[in-house]
Amino acid sequence: MAEQVPYGVATSLINTLASAAFREVASIYGVETEIEWLKETVKDIKAVLADADKKQHTAELIQRWITKLRQVLYEADDLLDEIHTQHLLRERDGKGKVREFFSSSNPIAFRRKIASRIRKIRGKFNGVVETMSKLNLDRRDVETKHEKKNWRETSSFVLQEEMVGREGNKKDIIDLLLNDDNSHQKVSLVAIVGIGGLGKTALAQLVYNDTDVERFFDKRMWVCVSEDSNVNALVKQILESLLGKKQDDQSLELLQNELQQNLAGQKFVLVLDDIWDDFPVKWGELRNFLACGAKGSKILLTTRNQAVANKMGAKMPYLLKGLKNDQSWTLLKRLAFEEDKIMTENLESIGHKIAEKCKGVPLVIRVMGSLLRSKAQESDWEAILEGDFWKLCEDNNSIMPILKLSYDSLASELKQCFAYCSSYPKDWVYEKDILIDLWMAQGFLESEVEKRCPEDVGEDYVHILLMKSFLQDVVMDELGEITQFKMHDLMHDLSRSIISSDHCLYVEGRQNVVRCTIHASPKEYNFDSSQDLQGFGRSRTALKTKREYEKNPSNSFVFTRLRSLDLSHYRKSDLLESIGKMSHLRYLNLSDCSQLTCLPESISNLVNLQTLRLQDCGNLEFSGDIITKLINLRRLDIGYCWAFEDGMPIGLGRMTTLQNLSHFIVGDDDEKRKKAKLNDLKELNLRGRLTIEKLGLVRNVEEESKGVNLRTKKNLISLTLRWGQYSKMKDRDATQLLENLHPHRNLKALTIEEYPGICFSDWLLSCANLVELRFSDIYNCQYLAALEGLGSLKSLHIFGMVKLECIYYKECSSSTNFFPSLEELNIQRCGSLRGWDVHGSITKGMDAKSLLS
């Protein structure tokens with residue numbers, strides 16, 4: 001088992017050691033020479049990491065060196081981060097310069113102690129460097145620019161790829177589902193059986209989303225069956241799929257009753273995806289809960305093991321086979337060739353042979369196609385064709401050697417991001433933004449050369465891993481933005497196999513955590529149990545994969561090395577005071593803590609914090625000043641968080657590192673506390689989605705909003721402007737305020753709610769990239785400007801515009817340029833609307849269909 005190369009920690013160390021702030025600290029401690037030596041030493045080490053990673057599989061000495069190096073790097077990173085944190089605290093609190101702090105508040109002995117620790121770290125690096133010099137490692141510049149080339153042009157195909165060669169299989173499965181087999185059972189089974197990577201799940205998805213299937217069945221449900229699923233969890237998942245919303249934890253009897261109430265007499269289809277060997281035992285109980293359905297209901301299951309399907313009662317399992325050679329070549333060719341890449345006769349000949357060796361397994365073909373895409377020379381293709389890994393696949397009856405080859409071709413930065421995903425269980429649905437924030441918290445997205453925003457680097461890495469099939473099953477939102485994805489079981493097996501268990505670990509059940517695990521996400525753990533906690537002492541990640549904690553954390557829960565901590569669904573009313581001692585924290589998730597009422601003041605000590613999630617904390621109240629002290633915060637999610645209901649804190653405008661702010665709530669100043677104004681958004685380079693609420697509370701439009709400067713925020717993709725009910729703002733002020741909130745033309749989604757003005761700003765027509773536009777509860781507006789020129793608009797919603805009489809359109813509009821991209825037009829509660837108007841000529845009775853024809 002390989003050791004994970006500590007590329008991210010090395011990069012983070014170099015950036016810290018090279019920073020101006022740390023050079024000042026070094027001079028205070030009198031360790032400038034040691035710090036400069038460390039910086040150059042870590043650079044030298046980093047230069048050989050790629051070669052060490054490649055050679056460790058055949059050289060145990062190199063593998064042991066990586067283990068030792070990782071320990072030294074982590075220790076050095078912790079020490080320097082601790083020193084840097086103290087520097088940030090002194091700078092933030094304005095207690096004088098750092099030099100004054102050390103001369104007055106701390107004795108010379110303290111400085112000597114820190115200097116001694118730094119010199120001790122240098123001594124350990126001496127040992128690492130001495131060993132490194134004996135390993136004959138080559139210097140390599142790790143580079144991912146070539147990986148990023150043209151992903152924007154190619155990802156649309158890779159992410160929305162049509163399946164090749166499965167049309168007949170799809171028809172066969174649909175026929176089995178829709179066929180009434182005249183059996184006496186109300187619910188019968190259809191099973192898709194095949195080896196891993198054949199595309200069983202993808203085929204089931206095609207069938208599940210087919211219009212004939214959708215019409216034939218009253219209800220459709222999809223459940224991904226994990227290896228450790230119990231009947232209670234399965235019934236809960238079925239209900240969530242059936243009702244389209246999360247279900248609270250309940251007894252099996254209550255869940256069963258609710259399921260039967262919703263399924264009684266209904267003809268349904270239920271997909272049980274990825275059934276494992278132990279499932280037939282659970283099926284006996286689960287089957288009884290589903291017997292309430294109407295005759296003709298079907299269970300569609302996918303499994304690798306035909307014996308499992310037989311035990312469950314599937315009469316004739318559908319044995320899925322590999323693609324034919326010509327189909328394999330069609331898929332491989334699509335993935336391997338860019339538009340500007342010339343397919344020579346020799347390349348085509350080699351490609352045909354490689355496709356044939358893939359044995360018709362789509363996952364192998366996709367992985368191989370993505371790998372070949374980065375190979376420009378015929379010799380590279382020939383080397384792959386003649387590779388030893390093909391024989392390993394045959395000998396072991398496994399495709400893992402091919403997946404490993406693709407992994408080995410990744411740059412070091414991407415390897416560590418992929419390996420981190422193994423902290424989660426199989427079938428996990430990864431939230432893109434959360435995963436990127438977690439990568440960032442570990443220093444995986446830092447760069448010495450390119451001064452790029454880490455969020456952008458993370459986006460690139462996600463796309464690359466998707467293109468190379470390390471991630472799959474993309475979910476996109478209405479704006480075409482990736483929100484979720486999954487990892488194939490075999491890729492998850494690969495992620496587990498390439499690293500040692502003391503690095504990334506998902507712990508099943510109540511197993512003890514390995515004592516020195518770096519990234520751990522046990523399914524359940526007890527914070528009050530010293531036995532459960534002892535394995536987390538050196539951890540940098542503690543994530544939760546279950547929604548609730550069994551017990552609540554005590555103040556003994558202090559892990560000073562943590563970079564990422566998930567306390568979502570925390571059940572106590574107050575947060576543990578010890579949270580302020582976790583000074584290395586970069587990521588803290590407190591979402592869905594419905595009982596949480598306050599945050600300790602000590603949380604303001606977390607000056608390294610980059611991500612703070614507080615959404616759905618409906619009872620939380622605390623001083624907003626705590627937030628403004630988090631000087632490195634990059635994401636603040638506060639949707640449905642009561643703490644900000646009265647407005648945003650003063651000082652928000654100084655948080656110039658902030659990139660993602662989910663909500664800005666306009667406040668009303670009172671005698672006790674002033675609130676931030678809209679102009680405080682001026683210097684914030686915001687991205688993603690922003691909702692501005694309670695605009696009706698703006699008192700002086702000119703003074704509070706003239707400098708808000710939204711039009712320079714080119715990375716905002718969605719903007720919601722909400723005035724609030726019963727706004728008494730005058731029309732003139734409302735119109736001016738809307739004008740001042742002019743967004744950048746890159747905006748994709750705009751919602752305007754409860755706007756009290758009579759007319760809209762002209763900038764609305766300049767938002768050429770809008771995909772979604774919503775007007776809601778706007779009571780004074782009688783006319784809408786001509787919107788048909790918004791060529792990218794796919795969705796237009798107009799709700800509750802009770803005085804709206806007409807929507808203008810230009811007389812020159814034709815069927816080709818009148819809302820050319822519109823797919824959805826939804827108009828409700830607009831009782832005064834008469835139709836579309838061309839210069840005063842009202843066209844009545846025009847529906848969306850006639851307008852678009």
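Helices (H or I, at least four residues) and strands (E, at least two) are DSSP runs, numbered from the N terminus. The model is predicted, so local features need pLDDT of at least 70, side-chain atom pairs count only at pLDDT 80 or more, and totals for chains, interfaces and linings use all residues. Residues are numbered from 1 along each chain as its sequence is written, and side-chain values use heavy atoms, with hydrogens and water left out.

**Exercise 1. Place Pro425 and state its burial.**

Step 1. Pro425 sits in the loop between α22 and β6 (430–431).

Step 2. Buried means under 20% relative accessible area, exposed over 50%, and partly exposed in between (1.4 Å probe, protein chains only). Pro425 has a relative accessible area of 13%, so Pro425 is buried.

Step 3. Asp489 is 64 residues from Pro425 along the chain, and their C-alpha atoms are separated by 9.6 Å.

**Exercise 2. Describe the protein as a whole.**

Step 1. The protein has 30 helices and 27 strands.

Step 2. Of its 853 residues, 54% are buried.

Step 3. Contact means heavy atoms within 4.5 Å. Among contacts between residues at least 6 apart in sequence, 65% join residues at least 24 apart.

**Exercise 3. Work out how α2 packs against α1 and against α4.**

Step 1. Axes are lines fitted to C-alpha atoms, for helices over the stretch in contact, and angles run from 0 to 180 degrees between N-to-C directions. Angles under 35 degrees count as roughly parallel, over 145 as roughly antiparallel, 65 to 115 as roughly perpendicular and the rest as oblique.

Step 2. The axes of α1 (residues 7–18) and α2 (residues 20–29) are 5 Å apart, and the two helices pack at an angle of about 65 degrees. Therefore α1 is roughly perpendicular to α2.

Step 3. On the α1 side the contact is made by Thr16, Leu17 and Ala18, and on the α2 side by Ala20, Phe22 and Arg23. For the classes, Ala, Val, Leu, Ile, Met, Phe, Trp, Tyr, Cys and Pro count as nonpolar, Asp, Glu, Lys and Arg as charged, and the others, Gly among them, as polar. The contact of α1 with α2 then divides into 4 nonpolar, 1 polar and 1 charged.

Step 4. The axes of α2 and α4 (residues 60–93) cross at roughly 95 degrees and come within 10 Å. This makes α2 roughly perpendicular to α4.

Step 5. From α2, Ala21, Phe22, Glu24, Val25 and Tyr29 meet Leu80, Ile83, His84 and His87 of α4. By class, the contact of α2 with α4 holds 6 nonpolar, 2 polar and 1 charged residues.

**Exercise 4. Check the lengths of α16 and α17, then find where their buried residues point.**

Step 1. The expected span of a helix is 1.5 Å times one less than its number of residues. With 12 residues, α16 (residues 325–336) should span 16 Å, and its end C-alpha atoms are 16 Å apart, which agrees.

Step 2. In α16 the buried residues are Ser328, Trp329, Leu331, Leu332, Leu335 and Ala336. They cover an arc of only 165 degrees around the axis, which puts them on the same side of α16. The arc is that of the directions from the helix axis to the C-beta atoms.

Step 3. An α-helix has 3.6 residues a turn, so residues three or four places apart point the same way.

Step 4. With 13 residues, α17 (residues 345–357) should span 18 Å, and its end C-alpha atoms are 19 Å apart, which agrees.

Step 5. The buried residues of α17 are Leu347, Ile350, Gly351, Ile354 and Ala355. Their arc is only 140 degrees around the axis, which puts them on the same side of α17. Among the elements that cover them are α16, α18, α19 (378–385) and α20.

Step 6. Lys359 follows α17 and has a positive phi, near 60 degrees.

**Exercise 5. Describe the surroundings of Ser406 and Thr751.**

Step 1. Ser406 belongs to helix α21 (residues 400–408). Its relative accessible area is 1%, so Ser406 is buried.

Step 2. Not counting residues up to four places away in sequence, Ser406 touches Val367, Lys468 and Phe470.

Step 3. The buried residues of α21 pack against α18 (362–373), α20 (389–396), α22 (412–420) and α25 (489–497).

Step 4. Thr751 is part of strand β20 (residues 749–753), and at 11% relative accessibility Thr751 counts as buried.

Step 5. Leaving aside neighbours within four places in sequence, Thr751 is in contact with Leu719, Thr720, Leu721 and Arg774.
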